[in-house]
Amino acid sequence: MKSRIRPEYPETAVLLFINDKKAADIASALENLNIRTLTPPESEYGETVGCLAQISGFEKKNISFPENAESDELIIFAGITPKRLDKILDTLRSENLTVRFKVMLTEYNRSMTVPELTKHLFAEEAEIRRMNTEK
């Protein structure tokens, strides 16, 4: 008998910095996969990733996203297994729904604010580019 590890929370995608039309298209594609989609208002973009994913224990603190912070399209996936993520990404790709940054909610990042996470993502992307140019 195979044992299954159940996620702590429902399969969720949090859409940030994505225009309304594209967000609606992504939500529709994910709805077909029975994935809950959350599109918090921009006024909440300064909150923690766990709060925006509606994870128990992460309360809203009414922090706004700094005007000078870097941002770009971002999807935060929560409660999704790696195998399931492959299916989700294949579905989005097949419908030409590209998003610059896609991250899984982890123990490490769920306490980060969105500005902290985006700063980390831009730094990580810059490091990957630097490493690729050195080859």
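The following paragraphs describe salt bridges, helix packing and selected loop residues in a predicted model.

Residues are numbered from 1 along each chain as its sequence is written, and side-chain values use heavy atoms, with hydrogens and water left out. Because the model is predicted, local features need pLDDT of at least 70 and side-chain atom pairs count only at pLDDT 80 or more, while totals for chains, interfaces and linings use all residues.

A convenient place to start is with the charged side chains. A salt bridge is taken as a side-chain nitrogen of Lys or Arg within 4 Å of a carboxyl oxygen of Asp or Glu, and by this rule the count comes to ten salt bridges. One of them joins Asp25 to Lys21, with the closest N and O atoms 2.8 Å apart. Secondary structure elements are DSSP runs numbered from the N terminus, with helices (H or I) of at least four residues and strands (E) of at least two. In these terms, Lys21 lies in helix H1, and Asp25 and Lys21 are four residues apart in that helix (residues 20-31), so that about one helical turn separates them. The side chains of Lys21 and Asp25 are also joined by a polar contact of 2.8 Å. The term polar contact denotes a pair of N or O atoms within 3.5 Å; within protein, one must be able to donate a hydrogen and the other to accept it, and residues adjacent in sequence count only if both atoms are side-chain atoms.

Accessibility adds a further layer to this picture. Relative accessible area, computed with a 1.4 Å probe on protein chains only, sorts residues into buried (under 20%), exposed (over 50%) and partly exposed (in between). Asp25 is partly exposed at 30%, whereas Lys21 is exposed at 58%. Elsewhere in helix H1, Ser28 has a relative accessibility of 39% and counts as partly exposed. The C-alpha atoms of Ser28 and Glu127 are separated by 34 Å, the two residues being 99 residues apart along the chain.

Helix H3 (residues 82-94) holds both Asp90 and Arg93, which are three residues apart, about one turn of the helix. Their side chains meet in a salt bridge with an N to O distance of 2.9 Å. Asp90 is partly exposed, with a relative accessible area of 45%, and Arg93 counts as exposed at 53%. A further salt bridge links Arg110 with Glu107, the closest N and O atoms being 3.3 Å apart. Here Arg110 is buried at 14%, while Glu107 is exposed at 57%. In addition, Asp72, Arg100, Glu125 and Arg129 are linked in a network of salt bridges.

Turning to helix packing, two packed helices are described by the angle between their axes and the distance between the axes. H1 and H3 pack at an angle of about 130°, and their axes are 10 Å apart. This makes H1 oblique to H3, since angles under 35 degrees count as roughly parallel, over 145 as roughly antiparallel, 65 to 115 as roughly perpendicular and the rest as oblique. For these values, axes are lines fitted to C-alpha atoms, for helices over the stretch in contact, and angles run from 0 to 180 degrees between N-to-C directions. Ile26, Ala29 and Leu30 in H1 meet Ile88, Thr91 and Leu92 in H3, where contact means heavy atoms within 4.5 Å.

The loop between helix H2 (49-52) and strand S3 (74-78) offers some backbone detail, and Gln54 has its place there. Gln54 has a positive phi of about 60° although it is not a glycine, and at 52% relative accessibility this residue counts as exposed. Asn62 lies in the loop between H2 and S3 as well. The phi of Asn62 is near 55°, again a positive value in a residue other than glycine, and Asn62 counts as exposed at 63%.

Glu73 is likewise placed in the loop between H2 and S3, but Glu73 counts as buried, with a relative accessibility of 16%. A polar contact of 2.9 Å joins the side chains of Glu73 and Lys22. Leaving aside neighbours within four places in sequence, the residues in contact with Glu73 are Leu16, Phe17, Ile18, Lys22, Thr98, Val99, Arg100 and Phe101. Among these, Arg100 also belongs to the salt-bridge network with Asp72, Glu125 and Arg129.
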